[in-house]
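Let's take a walk through this structure together, from charged pairs to aromatic rings and the nonpolar interior. Have your viewer ready and follow along residue by residue.

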Amino acid sequence: MFGRGYFGVILLYASLWTSTGLSVYGQAHPFSPEAKQKAEALLKQMNLDEKVGQLNQSAGIVMPGISDQKPDDLITQGKVGSVLWLNDPKEINRLQHIAVDKSRLHVPILFGFDVIHGYRTVFPVPLAMASSWDPSVEEQAQHLAAQDARAAGIQWTFTPMVDIARDARWGRIVEGAGEDPYLGSAMARAQVRGFQGEKLGPDSVLVCVKHFAGYGAADGGRDYDSSYIPEELMQNVYLKPFHAASDAGAGSFMSAYMDLNDVPASGNHWLLTDVLRKQWGFEGLVLSDAFAVGSLQVHGFARDPEDAAYKAISAGLNMDMASQTYTRNLAKLVKDGKVSESEIDAMVLPVLEAKYALGLFDHPYLDEAQVDTILSRPEGLALERKLAGRSMVLLRNENHTLPLAKNLKKVAVIGPLADSGHDVEGGWTVEGLFGPGGKSHPVTVLAGIKNKLGPDAQVTVVSGPEPSRIFAGLLDQLSGKKPVPPPTPQETAGWIAKAKSAAAAADMVIAVMGETSSMSSEAASRASLDLPGIQQQMLEAIAATGKPVVLVLENGRPLDICWASEHVPAILEAWYPGTQGGDAVADVLFGEVNPSGYRGVGVTGRYDPYLP
């Protein structure tokens with residue numbers, strides 16, 4: 001006889017099925033017949049250089065290692081189809097005016113950016129929202145993010161990341177739904193609907209489903225490393241969420257960096273043509289990941305940049321992100337007879353279709369006067385707080401430790417993430433990475449607790465030292481942040497003593513621990529899943545005081561909390577909960593929100609850092 005748990009699982013999966021609108025009838029076409037008709041007419045007016053230009057995505061910023069000049073001249077010549085890494089509204093309008101006013105055919109630029117989990121209002125990271133097991137959570141968040149992005153001049157987002165990830169050491173696990181292909185497929189469909197709506201239009205944002213495909217299976221969890229995936233796993237696990245996104249009408253895909261079974265994904269004809277276009281009927285465009293076309297030479301897959309351009313375009317890759325390999329080589333390949341102009345036309349057509357479908361020819365510019373008003377809407381913050389609460393997972397609650405009483409008088413809040421506004425939002429935020437930052441005003445867990453208890457409660461804070469990485473992650477490199485040296489033995493002893501003293505004097509201890517946001521992201525793999533730094537020592541010290549302890553985890557991957565699961569009575573997995581995260585955590589801790597999440601990824605045990 002089946003128990004209640006069995007029927008609960010059946011109901012959960014049934015809700016995922018019905019709420020995601022799964023179709024068994026094939027792919028939804030991303031662009032309208034009208035957009036295709038207009039794109040075909042424009043394509044006939046283009047010369048070869050202008051066609052190649054539409055397949056070039058240029059960097060909109062000047063930064064060492066990314067670009068040494070702005071794309072103004074190329075835009076004037078009609079040699080840029082898209083611009084990325086730019087989120088300054090004034091600069092977006094300036095470049096758009098160059099394209100529309102000065103290029104021969106007045107074709108507008110498609111501006112793209114990684115709008116992963118919100119714009120100024122930052123929602124919980126995708127791994128957190130997937131823990132709700134409710135696709136409407138992701139859809140609501142991405143719908144608001146789409147409105148904000150369009151207001152700020154972004155029409156193309158490089159999300160959702162739907163890579164299945166089963167090695168928690170891999171840093172980009174934070175951007176996806178975890179290890180389950182069914183959950184991943186449900187969340188993929190939800191994000192496509194959230195950004196693009198029922199059909200692409202002036203209020204939509206074009207999605208770019210990434211990283212196609214197998215990127216999450218990198219050897220040893222090491223970002224950018226090769227993936228070796230048997231056919232059975234590829235078809236039944238790793239491709240499932242991508243197929244679901246295609247079925248939902250996703251307008252673009254992003255090819256991955258890495259080798260897949262010894263063939264780089266960005267030059268992989270089987271992936272980009274045989275599977276994506278022929279088997280699935282995909283009619284959108286494929287963008288490479290950053291510099292991936294040029295990197296085909298680094299892989300040893302191409303002899304030189306010309307060969308790299310040939311192999312990428314022949315595989316079915318429409319647009320080159322930032323490497324300029326197409327710009328410098330495609331026209332020559334056509335003139336030499338290695339690539340036909342009709343092949344170029346087939347690659348350009350969906351790029352133009354997307355621009356027509358998004359309304360860029362009719363409304364190419366953003367209203368700079370309205371940007372701040374739209375991005376700071378209070379209803380967005382209210383939604384973020386609600387969805388953050390829906391995303392949290394109660395891992396342990398012994399002896400009815402939670403919910404906490406609101407009349408607590410002495411509370412110790414301990415840990416390096418307790419009052420870190422940057423970390424509560426998670427990594428790769430739009431304005432925090434390339435923008436000025438400081439406009440979202442995130443609520444930390446400490447602030448949320450104080451908001452809940454009011455001015456009469458005595459709240460003592462002991463932060464401890466910031467956890468450090470041996471090598472700086474990508475986000476730290478981009479922001480110019482240098483690695484923090486680990487504390488000396490004397491400093492460690494001092495912090496532990498302070499934590500013990502604060503805990504001993506309190507009625508309740510709330511430990512806010514986990515990973516800094518830069519530890520979970522691109523190029524942020526870890527050899528160990530332990531609590532980094534001296535957090536484990538601090539946690540054991542405060543637990544030894546005998547006072548009740550609640551552990552709140554802020555992190556972008558499941559961590560090894562074996563010790564805590566036996567010695568800490570209450571553990572709340574908050575992930576990186578977003579702009580209103582501190583208030584959302586307090587809502588859960590004090591019983592105003594019932595945590596109903598369930599993690600979409602688990603930990604099989606401790607990792608040996610010396611094993612692959």
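**Charges, rings and cores**

Arg104 and Glu50 make a salt bridge, with their closest N and O atoms 2.8 Å apart. Keep in mind as you look that this is a predicted model. Arg104 sits in the loop between helix 5 (89-102) and strand 3 (110-113), while Glu50 belongs to helix 3 (residues 48-54), so the bridge ties together parts that are 54 residues apart in sequence. The two ends have their own surroundings: Arg104 is partly exposed, with a relative accessible area of 49%, and Glu50 counts as buried at 7%.

For a salt bridge within one helix, turn to Lys38 and Glu34, whose closest N and O atoms are 3.3 Å apart. Both lie in helix 2 (residues 33-43), four residues apart, about one turn of the helix. Another pair, Lys311 and Asp307, meets at 3.4 Å, N to O. These two residues are four apart in helix 13 (residues 305-315), and therefore separated by about one helical turn. Lys311 is partly exposed at 26% relative accessibility, whereas Asp307 is buried at 6%. Some salt bridges share partners, and in this way Arg385, Lys406, Lys452, Asp583, Asp587 and Glu592 are joined into one network. The count of salt bridges comes to 36.

Lys311 has a further partner, as it lies over the face of Phe301, at 4.9 Å from the ring centre. In a similar arrangement, the charged end of Lys498 sits over the ring of Trp495, 4.8 Å from its centre.

Now for rings paired with rings: there are 12 aromatic pairs. In one of them, the centres of the Phe212 and Phe242 rings are 5.2 Å apart and the planes stand at 65°, so the pair is edge-to-face. Because Phe212 lies in strand 6 (residues 209-212) and Phe242 in helix 10 (residues 240-247), this pair ties together parts that are 30 residues apart in sequence. Phe242 is buried, with a relative accessible area of 0%. Phe242 also pairs with Phe253, with centres 6.1 Å apart and planes at 40°, so this pair is tilted. Phe212, Phe242, Phe253, Trp280 and Phe282 form one aromatic cluster.

Which residues have the most contacts inside the largest nonpolar core? They are Phe212 and Phe253, in a core of 125 residues. Helix 15 (residues 341-357) supplies the largest share of this core, eight residues. Apart from it lies another core, of 29 residues, including Ala388, Val413, Ile510 and Val588.

Methods. Residues numbered from 1 in each chain as written. Predicted model: local features only at pLDDT ≥ 70, side-chain atom pairs only at ≥ 80, totals over all residues. Heavy atoms only, no water. Phe/Tyr/Trp six-rings, centres within 6.5 Å; stacked < 30°, edge-to-face > 60°. Buried < 20%, exposed > 50% of the residue type's maximum accessible area, 1.4 Å probe, protein only. Lys NZ or Arg CZ within 6 Å of the ring centre and 35° of its normal. Core = buried A, V, L, I, M, F, W, Y, C linked by side-chain atoms within 4.5 Å. Salt bridge = Lys/Arg side-chain N within 4 Å of Asp/Glu carboxyl O.
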